[in-house]
Every structure is written in C-alpha cells, then in structure tokens.
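Me: I've got a structure open and I'd like to talk through how its pieces pack together. Can we go step by step?

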Amino acid sequence: MKNITAIIFFILPLFSWGQPGTINSHTENSQLIRDLGGYQWKMKMMLPGQGVKEGLHRLPPADIETLVWNPAHVPGDVYTDLWKAGVIDDPYFGRNSVKAQWVQLYEWWYALSFHVTEDISDRVVRIEFEGVDYSCDVWLNGHHLGRHEGAFSSFSFDVNHALRTAEQKLESANMLIVKLDPPPQVNANVAGKKTPWFGDYWRDLIPFGIWRNVKMISTGKARITDVYANTSLAGGVSADVLMEVEIENTSNTPKELTVIASIEGKNFRSKPLTTEITKTVPPGRQTIKQNIHVKNPELWWPWDLGKPNLYTARVSLKEGKVNQDFNEFTFGIREVGMAWNPGFTKDEVSFPRTTLINGKMHFIRSACWGGPPDIFVGRTSPSEYAELIRLAKEANMNNIRIFGWHPPEIPEFYELCNEAGLTVWQDMIPLGTGNIPQDREKINAIMAEAASVIKERRNHPSLIMMEGGEEMLLRTADAGFGRAFLEELGDTLQRYAKLPYVPDSPLTCEVSQKAGYKSKEAVHALKYFYGMGHALMEDWYQKLDYPIVPEFAITSVPSVESLKKFIPTEELWPPGLSWGHHWADLYRLRMQNWDAFGDEMTGSLEEFVNATQDAQGIIFQNGIEYFRRQKPRLSGIALCHFITYWPDMKWGIIDNYQQPKRSYEFVKRAYQPLLISLHFKKRRWQRNEPFIGEIWVVNDLYQSFGNCSAELEIRDDRGITIKKQSYDISGIEENSARKFFDLNETVLSSVEAKFTAHLSLKDKSGKTISSNEYLFLIGDQTKATEQFQAMRKILLEKNGKYSYGNYYRFFDEMTGENGKKYQSDTEHPRADGFR
C-alpha cells in the first residue's frame, strides 16, 4: 500500500473524536486510522459459556447472520443498546432499574462486519480498543486475538494474520466479534480496575459495555506507542520540553530509525521548534528522549491566574526517507508544586496541601465531578461535556475533582479543561474500598491499570494533582496493608508523571490514624447531612479547621420539569416510591429546609423542590465563604457533587439533564475570585438584639485593587431598606483574605420573620466588581437548636429500624406501620409528612 498522507476519521455522535488535527504536518505521514465505532455494530444475548459452544466466535465473515441481531452502538453500553432496542424499559425512569438486573447475568456478543481492500503486505495493522468494561474476548474472522480485563486500560491486537483483504467485496469481508462477560459482582475483587457500582446515589445495576472507541490503525513496521512531553521551568524565563518517545520495532532485525519532534503554539502564535535524533533500535520497545529548549515560553495557567496557553506537538518516526508512524497531541508548559499550609504543624498534617501553579498559589474552588454525565455512557454526547465544562467555569470554579467513586474521564474532558483553564484533581483509579485481595498478582494488575491511566492523561496540563483512594482507609480492615498499598500506588504513578500525590482522602478516620496519618490531614464535610439535626448549619461548619476540604456535601431535588422526566405522574406529589428509589432522603430534605427557612416547605411540589435547592445553595454558600475566609490556612474546597450520573435526588448542583439547580447561583456567587463576604456567627436573630457581623474581602486573583468602596444594605420581609451604609477600602492586596469592618446594627425591630443583607464592592471608577446577599431569620438560636435536635431524635428512631438505603421507611404502606398496608399495584403509597 502506498504511503498515506492523511489521517482518516469518521466523526460519530458519541465520543468518536479522533486525535485532534492529525492532518499531515510532518511530510509523508504513513499512519492510517479507521474508526470502527458507530451503529454498524450488532449485539446478541447468550447464556454464560453458550456463545462459544454455539460457535458465535466463528461466524463466517461473508455471511449476513448478524443482520437480525439487535442494533448496537460503539462506544456505548449494554443497557442503552437494550433500551433503544425495546428489550428493557428505560432504567432511569421510575423503579425500572430493578427490572433490568437480569441483564448483568448474561454474556453479550457484539459483532462488526467491515471490508478491507488495501494491500497490507508492507504494513502493520492493529485493532485498538480504548476501553472495555470490564472483561472480554476478541475474535477476528474466527481467530482468537486475545482476552482483556480492566475497564480503564486500552489494549490492541496486531491483526495482519487474521485480516482478510481483497479488491472483491466477498473476499474483503471481515467479522470482528467481542464477547462481553457478565460484569463482576464483587467490587473488592476488581477494585481500581472498574468503577464502584454502589454507594448512596445509585442502585444495584452494574454498568458494562464497549465504553470507548475501537480503531483499526495501520503503520509501518516501526511505530510510536507513547509520547510524553515532560516539561520543566528554568528560572521563569525558559523551559525544557523533554520529549520521551516510546517506539516499537515490530520486525525481527534492528532498524535505524529517526525521531523528528516539533512543537508550536496552538492557541497563540509561535515559531515551530524542532529536534531530530537517529538511533539503531533493536526489535521490541525502546524509549528515546530528546529535549526541546523553549525561550520565553507561554505558560499554561488556570483561567483566574492567567491564560491557558497550549502547544501542539508533532512526532514523526522515519526509517530512511519513509515515514513509519506519526503522533500529534496537545500539551501545556506548566509546573506544579506544593507548599505547607501556614498554621498547621507537621504533627497535625503529613503533606503540604497548598497547590502552586508556576510558583503562584492556586486556591482550589472545586466540586467533585460526579460523572461521567451518564453512568450508562451510551446516553452521553460530546456536546454534554462541553456544556458542563462551560457551566463549571461560569460558576467560577477553577478546578474539578474526580474522586474514587467515579472513573477516569475520556480524553475530551481533559481537552476541554485544558482549553478552559480548569485544573483537575483526580483519584487516578477508582478505589472506593481498601479491602482488596492481597496477593501479589492482583496488586500488580491494579498497578498496571493505574500506569495505563496516568500515561494516557499525563500530557494534559489541566491534570495537576493525583490521589490514590477515596475514603479507602475508612473501609480497610488492615491499616498497615492499606497504607503500604497506597504508597506503592503513589510510587507507580509518579514513575510516569511529575505531579503531586496524596494517598487517600480524608485520612482522618480511625483506620487512617492507626496507619500513622495525622489528625488534621483533611475533612470530608458530610456530618451536617449524615448527622442531620446535631447542629444548625452555621454551628457545624464554623467548628471545622483543616487545611483542605475535599468534600462538602448537601442534597437537593431536581426541578419539577426534570422530575417529570423520570418520576411517574402518579408518584410526583406527594412523593411516591420512585422518589425513594432515586435516593430522595425525605426526612433530611425536610429538616434542611427547616434549618434554612424555619419551615419544612411541604405545601406543594414546586415549593418543596425550590426550597431544597435554595437550602442546598444557602448551606453551600455560607460554608464556602467561611472556608475561603480561612485562606491561606485553608487552601481548597470541593463541593460534592457538581453533576449527577443518573437522575437522582442527591448531591449535584447540575441535574442529569444538564439543568442547573437554583443552588448553582449560590455557588457561583460564593466562588467569585474576588469576593465580598459577610461573616456572621448565627442566622437567627431576635428583634431586640443588634445584628453583628464582619465585612471581608477574599481575593484569589494576582491583582490588587486600590481606592475601592463597599456598600451594605439590609432589607426586611417586604424588601424595604432598613439600613444602608458605605465604607471606604483603601486597598485590596492580591491573593489575600482580610477583614475590613465590624458590624453592629440595631435595626431588626420591625422585621416580622426574615431579612436579607446585601453587599457590593466597587472599584475606584464605581464599577461593581463583586456582589453578595444572605438570608437571615427572626428567631431564637438556642431554641432552634433544641428543636432541630428534637427532629433528629425522631429521625433516628425511624431510621434505626431500617438500613440507610431502604426507602420503604418513608412509606407506612410498605412497612405496615400505623395500620397501613400495601395491597395492590393500583395503590400509590405516599411519603409520610407531606400535605
């Protein structure tokens, strides 16, 4: 076959985005990529072991037997393919997911017919799977190519020996067969190699499928298998880009090969810089390293610290004048460091937790991602990723945290973060349990999966922090083994990427202490929700004193419009069983409404839904601002979560239909890089006491502001202004948090039930550069605490009879309490406590 001078892509609607811009930039590019994704795939169900017995793996490639199989899409997942084919009802709707549990007991056979007419005699052709969840066997034209286990590691097979090529249609027919095993049923056996499918926002339906793209790639007899642009700064005026190129000589004899690497600006103009090296490469794999020195580099920054400048790298592999392979990718020049948080001793913390990007403090305003956008990835489109990253930046977030209950994301996620200037803090592989098998072979497999994950993602400048586990030690029976495993994982990851690593989060549990970690490592700010009623929101969060908050969680219900998409009409209001199935904690939602508003707000569906979102927003805003005022003692916050991967009623501030909740606006306000903030010790005030607080300004920007002014306005229930005052601020320092004024205002005598405080910050020209607002209640803080704790006692009495995940506790008809009984499908039980 003649040298191909362009890469061919077939752009498809789900994830099938090829390498960006791989048009021939280096001359005589001879790599050909054929996208095997799309709706050409078919699927069929078989009993475990029955498919091979029946000979499905040997289907004649020229036959049309698969014509009658169900349509399927790759990339995708089994459940979405079955739903679209009408085999199962929508597992997101109502309680349908329990009806689909049979799917995970079978093996599923996927087949693709395709033709190859090119001559491949001087080529090496491989079929590459970017990701299959979880285990599979692959055949091509009856030849068993191999087997793979592990959802996150890519794998490939050289297929020259099995590929049928001819100019005639019949002889050029090929049949690619993939047998998906039933998914594993015990997460501890596959920890780190498959996303946990349990937790308090999902039901027992284990995702599996060919979840990433499949490609057929043709190269010369030598090929590029990996490239790493390893960047470092030299005194701030220059940088080095060490190109680490892994190449494979697939022949049986040594070859003299030349690597040509060049870099140039992607989103800015610069002259190309090129390096070239020739070496004799024996059969097998070898890494060739060559440095490119960059004077006055354009650095990649988070969006609030500078511009996210990106470079394009192009690498060609040649033998003599013949180009064997080509690789093009995007990277950024940036340096990540860590600094100790002031105020904490090394007897309290084990690690520095302040992130430095190119030497500047990067105060992390984050949220735990909560993705992918759909746990059944076949339902997700690339446009959803773009919209969600846009919303994250619009909410003034500068970071996204992917924690260990969720998988590593697809390349497009990181590319969008690169371009937006959003950093990524990531548990590199999902470890929701520490109770993994301790035999060496299985540990090695986990380490290999982790290595595959970091190698694929390390060129993305947005990735700035690696973490090992998520509450892993919290559930680890053997503390010593857990720590040793996490340290080995860190060594493995840092062998491939020059990034900071933290073993686990939060590292303050009893097992972590037993393992030797310190008392103040980090906090998962979850007690307000899980211990609902122990304290009012502000009395809880003001007791937290840690260097970083990797999780800060509170719940809400999606909008009425979104609810109608997954809750049956007859169960909408008062809440029916599907609310519980989708993890609505109806007791706690009513209680947090009461804390926020002094009322459970159960008068109507719209009132209740809006109240839960506003309550979530109030709690998030007040907590975020409290934490931000602790800067630099505290260096980062991650809400839990940003999105939700199915339509649940739990953590996200963006629902499964990409609709921001009302709480989104509260978070957006609290995450302003330049923030005027009101510190107060309580939300309930009596009419005869002064309203006491402090006016602060938090500035995460490396920009100072002089000759500013602040304005306070307090309004009563009717919106009438009862206090208005301006204050002069001579200067606001860059990267600072500072109190400017004390408040002591006796103005509440005419307020009936609630009042609001409004703040604005103006620059020297009079332009508003930050604004804020807060809701307060008329009441007695002590009595409110007593009432909240009494509500908690009722909650504990009720919940004590049932496991946390058992939503029957909200419905007397399901439990038989109070003389009620569920007798017929014609009945629609309603949750207790709603009118």
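Reply: Sure, and one term before the sheets: two strands pair if DSSP finds at least two bridges between them. Keep in mind that this is a predicted model.

Me: In what order do the three strands of the open sheet with strand 31 lie?
Reply: The pairing in this open sheet is antiparallel. Strand 29 (674-679) and strand 34 (736-745) are the edge strands, each pairing on one side only. From one strand to the next the twist averages 20°. The order is 29-31-34.

Me: Which residue of strand 31 does S677 stand opposite?
Reply: Strand 29 pairs with strand 31 (residues 691-699) in the antiparallel sense, over six bridges. Opposite S677, in strand 31, you'll find W696.

Me: Which helix packs on that sheet?
Reply: Look for the one touching strand 29, strand 31 and strand 34. Its direction makes about 105° with that of strand 29. That's helix 13 (residues 605-628).

Me: How many residues does helix 13 give to the largest nonpolar core?
Reply: That core has 243 residues, and Y110, M243, F552, W579 and F642 touch the most other members. Helix 13 gives the most to this core, with 10 residues.

Me: What does F642 touch?
Reply: Leave out residues up to four places away in sequence. Among the rest, F642 touches A367, C368, W369 and L388. Its other contacts include G652, I653, I654 and Y664.

Me: How many residues are in the second, separate core?
Reply: Its members include M46, W69, A111 and W139. The count for this core is nine residues.

Me: W139 is in strand 6, right? Which residues cover each face there?
Reply: Strand 6 (residues 135-140) is mostly covered, with six of its six residues buried. In a regular strand the side chains alternate between the two faces of the sheet. Here S135, D137 and W139 are buried on one side, and on the other it's C136, V138 and L140.

Me: Which strands does strand 6 join, and what stands opposite L140?
Reply: Six bridges join strand 6 to strand 7 (residues 143-149), antiparallel, and there W139 stands opposite H144. Five bridges join strand 6 to strand 9 (residues 173-180), also antiparallel. In strand 9, the residue opposite L140 is L176.

Me: Which residue takes a positive phi in the hairpin of strand 6 and strand 7?
Reply: Two residues lie between the strands of this hairpin. The one with a positive phi, near 55°, is N141.

Me: Why is helix 4 largely enclosed by the rest of the structure?
Reply: Among its buried residues are F413, Y414 and L416, along with E412 and N418. The buried residues pack against helix 3 (382-394), strand 22 (399-402), strand 23 (423-427) and helix 5 (440-457). Helix 4 (residues 411-420) is largely enclosed because the number of buried residues is eight of the 10.

Me: What follows helix 4?
Reply: Look for a residue whose phi is positive, near 75°. Right after helix 4 comes G421.

Me: How do helix 12 and helix 15 run, roughly parallel or roughly antiparallel?
Reply: The axes of helix 12 (residues 586-597) and helix 15 (residues 781-799) come within 11 Å and cross at roughly 180°. Angles over 145 degrees count as roughly antiparallel. So helix 12 is, relative to helix 15, roughly antiparallel.

Me: How many residues of that contact of helix 12 with helix 15 are nonpolar?
Reply: Helix 12 contributes residues including Y587, M591 and W594, while helix 15 contributes F788, M791 and L795, among others. Two of the contact residues are polar and four are charged. The nonpolar ones number seven.

Technical notes: Residues numbered from 1 in each chain as written. Predicted model: local features only at pLDDT ≥ 70, side-chain atom pairs only at ≥ 80, totals over all residues. Heavy atoms only, no water. Axes fitted to C-alpha atoms, helices over the stretch in contact; angles between N-to-C directions. Helix = DSSP H or I, 4+ residues; strand = E, 2+ residues; numbered from the N terminus. Parallel < 35°, antiparallel > 145°, perpendicular 65-115°, else oblique. Contact = heavy atoms within 4.5 Å. Nonpolar A, V, L, I, M, F, W, Y, C, P; charged D, E, K, R; others polar. Buried < 20%, exposed > 50% of the residue type's maximum accessible area, 1.4 Å probe, protein only. Core = buried A, V, L, I, M, F, W, Y, C linked by side-chain atoms within 4.5 Å.
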